[in-house]
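Work through the exercises below with the model in view. Try each task before reading its solution.

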Amino acid sequence: MDTPEWLSRLSPRERDVLAGVASGQSNKEIARDLEISARTVEVYRASLMTKAGVRTLSDLMRLALAAGY
């Protein structure tokens, strides 16, 4: 299966945040694990949603899980 085009454009940190989202972690939990602020996680999550072309967190989670995250 080919990697979706939007996934190939992610930075390593965006991939880290996506993994946290896919595992159901809150912004605070992701922030703690990555040693960044929760606000920074929000910014990354918004960027991920834009790149993936989705409007909801549940859609982002669905795509992440489908991609193997």
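**Exercise 1: the contact of α4 with α5**

Find the residues that join these two helices.

Solution. In α4, Arg45, Leu48, Met49 and Ala52 meet Leu57, Leu60 and Leu63 of α5. Contact means heavy atoms within 4.5 Å. Sort these residues next: six are nonpolar, none is polar and one is charged.

The model is predicted: local features need pLDDT of at least 70, side-chain atom pairs count only at pLDDT 80 or more, and totals for chains, interfaces and linings use all residues. Numbering starts from 1 along each chain as its sequence is written, and side-chain values use heavy atoms, leaving out hydrogens and water.

Now describe the packing. Helix α4 spans residues 38-52 and helix α5 residues 57-66; their axes lie 10 Å apart at an angle of about 70°. That makes the two helices, α4 and α5, roughly perpendicular (65 to 115 degrees).

**Exercise 2: Asn27**

Is Asn27 buried or exposed?

Solution. Start with its place: Asn27 is in helix α3, residues 27-34. Its relative accessibility is 15%, so Asn27 counts as buried (under 20% relative accessible area). Then look for partners. Leaving aside residues up to four places away in sequence, Asn27 touches Ala38, Val41, Glu42 and Arg45. The side chains of Asn27 and Arg45 share a polar contact of 3.2 Å.

**Exercise 3: α3 against α4**

At roughly what angle do the axes of α3 and α4 cross?

Solution. The axes cross at roughly 105° and come within 8 Å. Therefore α3 and α4 are roughly perpendicular to each other. List the residues: Asn27, Lys28, Ile30 and Ala31 in α3 meet Ala38, Val41, Glu42 and Arg45 in α4. This contact has four nonpolar residues, one polar and three charged.

Notes
Axes fitted to C-alpha atoms, helices over the stretch in contact; angles between N-to-C directions. Helix = DSSP H or I, 4+ residues; strand = E, 2+ residues; numbered from the N terminus. Parallel < 35°, antiparallel > 145°, perpendicular 65-115°, else oblique. Nonpolar A, V, L, I, M, F, W, Y, C, P; charged D, E, K, R; others polar. Buried < 20%, exposed > 50% of the residue type's maximum accessible area, 1.4 Å probe, protein only. Polar contact = N/O pair within 3.5 Å; in protein donor to acceptor, adjacent residues only side chain to side chain.
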